[in-house]
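Here are a few exercises to work through with the model open beside you. Take them in order, and try each one before reading its solution.

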Amino acid sequence: MIALYFWYRGIIVINYPFNLLGIIFIVLGLGITIKISRKFSAVDTEIHTFKTPRKLVINGLFKYSRNPIYTGFLIALIGVSILLGNLSSIIGVLLFFFAANFWYIPFEENQLEKEFGKQYSEYKNSVRRWI
């Protein structure tokens, strides 16, 4: 997004000082991501997509979203887009959303269903994918 900004700024839709509101989204999104990373470390489970999880985490922010890390990343990217203020930066947000929603998350959900079976299926049916 930043490289695209310097290569092709496109149409600026959010001007200074309003673009600085993006900093709030960046901090919020990264804060969520860091909180979940620490949670995974505390309960000794795997955070990496392609490694087998050792425990199913369904408390904390996971009560509201099955994917709070991806949600945190998305919020942070929206913040970067706002901070840059140009229309073309939305491409990065959309690319991340589509990759996460249609590739990473389905892959992880299949892994979790294999690993935790009915427990994960019940959780999946009771908590939304994003928020």
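**Exercise 1.** In this predicted model, which side chain does a polar contact of 2.8 Å join to that of Glu-109?

*Solution.* Start by locating Glu-109: helix H4, residues 90-126, contains it. Next, look at its side chain: the 2.8 Å polar contact leads to the side chain of Arg-129. A further polar contact, of 2.6 Å, runs from the side chain of Glu-109 to that of Arg-66. Finally, widen the view to contacts beyond four places in sequence: Glu-109 touches Arg-66, Tyr-120, Lys-124 and Arg-129.

**Exercise 2.** Decide whether Glu-109 is buried or exposed.

*Solution.* The relative accessible area of Glu-109 is 6%. Buried means under 20%, so Glu-109 counts as buried.

**Exercise 3.** Classify the aromatic pair formed by Phe-40 and Phe-62, and say which parts of the chain the pair ties together.

*Solution.* The structure has 13 aromatic pairs. In the pair of Phe-40 and Phe-62, the centres are 5.7 Å apart and the planes make an angle of 25°. Planes under 30 degrees apart count as stacked, and that is the class of this pair. Now place the residues: Phe-40 sits in helix H2 (residues 22-43), while Phe-62 belongs to the loop between H2 and helix H3 (68-84), so the pair links parts 22 residues apart in sequence. Phe-40 and Phe-62 are both buried.

**Exercise 4.** Do likewise for Trp-103 and Tyr-104: what geometry does their pair have?

*Solution.* With 4.5 Å centre to centre and 80° between the planes, the pair is edge-to-face. Trp-103 is partly exposed at 47% relative accessible area, and Tyr-104 is partly exposed at 29%. Both belong to a cluster linked by ring pairs, whose members also include Phe-50 and Tyr-70.

How values were computed: Residues numbered from 1 in each chain as written. Predicted model: local features only at pLDDT ≥ 70, side-chain atom pairs only at ≥ 80, totals over all residues. Heavy atoms only, no water. Helix = DSSP H or I, 4+ residues; strand = E, 2+ residues; numbered from the N terminus. Buried < 20%, exposed > 50% of the residue type's maximum accessible area, 1.4 Å probe, protein only. Polar contact = N/O pair within 3.5 Å; in protein donor to acceptor, adjacent residues only side chain to side chain. Contact = heavy atoms within 4.5 Å. Phe/Tyr/Trp six-rings, centres within 6.5 Å; stacked < 30°, edge-to-face > 60°.
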